[in-house]
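These notes are meant for a colleague opening this structure for the first time. They take up a few places in turn, and each point can be followed in the view below.

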Amino acid sequence: MNGLAIPLEVLVEAENPAASDLPPTLHSWYGGPLGFTEPRLVANFVSTIDGVVAISRLPQSNKVISEDSEADRFVMGLLRAFADTVLIGSGTLHGSPRTLWTAEEAYPPGGSAFDELRRQHGRPPSPQLAVMTASGALNSDHPALKAGALVLTTARGARLLPQSIQASCEVAVLAGTASVDARDVVDVLADRGSRLILSEAGPRVFGSLLAANLVDELFLTQSPQLAGRAPQSPRLGLVEDTALLPDIQRSARLASLRRHGDHLLLRYFLGGRDG
């Protein structure tokens, strides 16, 4: 596997003082430098033209939505290579029953270059995986939990976690009983040294992060597909279970637009905590 035969085509690139050189292979594939000010919370999604990011009850529906785009998988791996922590919710965990959330897993051809990037930034070989669950209802057989993760849950959720998960994972008990508060999650990760958090959680968690004004950047791959919607087959949009406008305004500034075939890869600055 040799990687992207055709690099990402740069259509728009706003000035970014934090941008720095990537290892040569990654620089060539991405079409230029990439970097982040820290601390930073970055979210990553792939969406259809009509705004669908997940198809309920379809495992790994992101691959269907993205058409298994090589460019989308490359950017996913690149962002994981920058991250201290990859943050997901229990829905994302259950919807990806074999995923480990490492950079090389997302895009195997980038493996050695991703390793080099992490060494340049003084990070360990793989990002930490953090899993949010209010209920504690997690599959103890999931390989990512067997490998070890940080589970962020409530006191009730911690009591209901399977013993095998408590043995292999670190458990952080947060305030609240019905849900896990997004601010508490980010505070705990920051206290544990996470300077760059990559959220690969679903649209409900993304909504809670937006409402708390915690999202600094959004990477969004737009697939050329149309998903459509029907009552018997629920599809989720980018933000779910959180009403923003008109009371909450979250405006984004286009920082980068790249193209790979019929896929568009967008980077937005949202302001977040320093906006």
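1. Helices (H or I, at least four residues) and strands (E, at least two) are DSSP runs, numbered from the N terminus. With those names in hand, Pro-246 can be placed in the loop between β10 (235-237) and β11, and the peptide bond that joins Leu-245 to Pro-246 is cis, with omega near 5 degrees. The model is a predicted one, and every value below should be read with that in mind.

2. A second cis peptide bond runs from Glu-38 to Pro-39, with omega near 5 degrees, and Pro-39 lies in the loop between α1 (24-30) and β2. Most residues other than glycine have a negative phi, and most peptide bonds are trans. Against that background, two backbone angles deserve a look. Asp-68, which is not a glycine, has a positive phi of about 50 degrees, and Trp-101 has a positive phi near 65 degrees.

3. The settings of Asp-68 and Trp-101 can be described in turn. Asp-68 sits in the loop between α2 and α3 and is partly exposed, with a relative accessible area of 39%. Trp-101, in the loop between α4 and α5, is buried, with a relative accessible area of 3%.

4. Helix α3 has 13 residues and reaches 19 Å from its first C-alpha to its last, close to the 18 Å expected at 1.5 Å a residue. Because 11 of its 13 residues are buried, α3 is largely enclosed by the rest of the structure; the buried residues include Asp-72, Phe-74, Arg-80 and Phe-82. At the N-terminal end of α3, Ser-69 acts as a cap, with a side-chain oxygen 3.3 Å from the backbone nitrogen of Ala-71.

5. The largest pocket holds about 1300 Å³ of space. Its lining consists of 47 residues, of which Gly-91, Thr-92, Glu-200, Ala-201 and Gly-202 are the closest to its centre. Among the elements that give two or more residues to this lining are β2 (40-47), α3 (70-82) and α11 (203-211), while the largest share, five residues, comes from α4. By class, the lining of the pocket divides into 19 nonpolar, 18 polar and 10 charged residues.

6. How many cavities of 30 Å³ or more does a search of the whole structure find? The search finds one, and the volume of this largest cavity is about 70 Å³. Its lining includes Tyr-30, Val-75, Phe-219 and Arg-267, and the elements that give two or more residues to it are β9, β11 (253-260) and β12 (263-269). The lining of the cavity has six nonpolar, three polar and two charged residues.

7. Is Glu-217, in strand β9 (residues 217-222), buried or exposed? Glu-217 counts as buried because its relative accessibility is 1%, below the 20% cut-off. Its side chain makes a polar contact with the side chain of Arg-267 (2.7 Å). Leaving aside neighbours within four places in sequence, the contacts of Glu-217 include Phe-36, Leu-41, Tyr-268 and Leu-270.

8. Val-188, in helix α10 (residues 182-191), is also buried, with a relative accessible area of 18%. Not counting residues up to four places away in sequence, Val-188 touches Leu-152, Ala-172 and Leu-174. Val-188 and Ala-172 are 16 residues apart in sequence, and their C-alpha atoms are 8.2 Å apart in space.

Notes
Residues are numbered from 1 along each chain as its sequence is written. This is a predicted model: local features need pLDDT of at least 70, side-chain atom pairs count only at pLDDT 80 or more; totals for chains, interfaces and linings use all residues. Side-chain values use heavy atoms; hydrogens and water are left out. On a 1 Å grid over the protein atoms alone, a cavity is a set of points where a 1.4 Å probe fits but cannot get out, and a pocket is an open set with protein on both sides within 12 Å along at least five of seven lines; lining residues have an atom within 4 Å of a point. Grid points are joined across faces, edges and corners, and a volume is the space filled by probe spheres set on the points. Ala, Val, Leu, Ile, Met, Phe, Trp, Tyr, Cys and Pro count as nonpolar, Asp, Glu, Lys and Arg as charged, and the others, Gly among them, as polar. Buried means under 20% relative accessible area, exposed over 50%, partly exposed in between (1.4 Å probe, protein chains only). Contact means heavy atoms within 4.5 Å. The expected span of a helix is 1.5 Å times one less than its number of residues. A polar contact is a pair of N or O atoms within 3.5 Å; within protein, one must be able to donate a hydrogen and the other to accept it, and residues adjacent in sequence count only if both atoms are side-chain atoms.
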